[in-house]
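The questions below go with the structure shown here. Each is followed by a short reasoned answer.

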Amino acid sequence: MRNKTQSFISSKLIFGCCSILVLFILFLKRESISSPPNSTIREEYHQKPKCPSTKQCTKLPISLSDALVHYVTTEITPQQTFDEISVSKRVLDKKSPCNFLVFGLGHDSLMWASLNHGGRTLFLEEDKAWIETVTKKIPNLESYHVVYDTKVKDSNKLMELERTEGCKAVSDPRDSKCALSLKGFPADVYETQWDVIMVDAPTGYHEEAPGRMSAIYTAGLLARNRYDSDETDVFVHDVNRLVEDEFSVAFLCRGYMKEQQGRLRHFTIPSHRARVGTPFCPVGISRRF
């Protein structure tokens, strides 16, 4: 009798233990389905990059890496000073990616294209051989060859055009009756809405050089003729020289000037198409600095 009772108790104890074990296993299974083990969490934590946005996780663009390598390994410095470049950089920081037109292809061209990463930067250059030299080294730069038919020695005569109605009329440069308007560019130069324009060419430091008279006038006309209501930021370099000084004042206007840093002037020119009746230069403001 005693043996049977003990056997019965033992059987009940084993059954109870087995039941508890089965329930415990089922509980663990449910927990493992609802949440991953700690080791998996740790693994995923280390695998996922800590980036607040996708853009910050992408690698450095090739154009920027090219610029870094180029300027670290060259002893040739850009034509503009740090303070002058900083003025244009602040504008590009706000507007880029944008449409950026630059008169002149130089040692700073890769920098301008990189500061406008993701936008279009087009260089207009007078020296065909120089274009080949630069683009052979930096093939990603977009440039057009430009022929100028003016000379610095004729700048006084060309300045007299300021008073003519043909040069005050706002139109597509190709249709302009002003002798200063450049008409030999490819069609897309006239049809693009340029957000920023830099005039740092053509050559203008001697009497037989083409000078920047037409470049300054055409930059102002492109800005005034844009179809949307946006303003165009126009920069003119080397305003310490007579031509750049007088022509930027006459055709880009004192009233549109934002600042001057060293040899660089910054103008903000509104679209005249979007503002019917807007005078070529703001009324009542002297054009002299």
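Q: Which residues of helix 4 are buried?
A: The model is predicted, with local features needing pLDDT of at least 70 and side-chain atom pairs pLDDT 80 or more, while totals for chains, interfaces and linings use all residues. Residues are numbered from 1 along each chain as its sequence is written, and side-chain values use heavy atoms, without hydrogens and water. Buried means under 20% relative accessible area, with exposed over 50% and partly exposed in between (1.4 Å probe, protein chains only). In helix 4 (a DSSP run of H or I with at least four residues; strands are runs of E with at least two, and both are numbered from the N terminus), the buried residues are Glu84, Ile85, Ser86, Val87, Ser88, Val91 and Leu92.

Q: Which strands are included in what covers the buried residues of helix 4?
A: Contact means heavy atoms within 4.5 Å. The cover includes helix 5 (109-115). It also includes strand 1 (99-103), strand 4 (196-199), strand 5 (232-237), strand 6 (257-261) and strand 7 (264-269).

Q: Is Asp238 buried or exposed?
A: Asp238 sits in the loop between strand 5 and helix 11. Beyond its neighbours within four places in sequence, Asp238 contacts Asp200, Arg212, Glu244 and Arg263. Because its relative accessibility is 9%, Asp238 counts as buried.

Q: Which residues of helix 11 make the contact with helix 10?
A: Helix 10 (residues 213-224) passes helix 11 (residues 242-252) in a right-handed crossing (the near helix is turned clockwise from the far one by less than a right angle). Helix 10 contributes Met213, Ile216, Tyr217, Gly220 and Arg224. From helix 11 come Val243, Glu244, Phe247, Ser248, Phe251 and Leu252.

Definitions and conventions:
Axes are lines fitted to C-alpha atoms, for helices over the stretch in contact, and angles run from 0 to 180 degrees between N-to-C directions.
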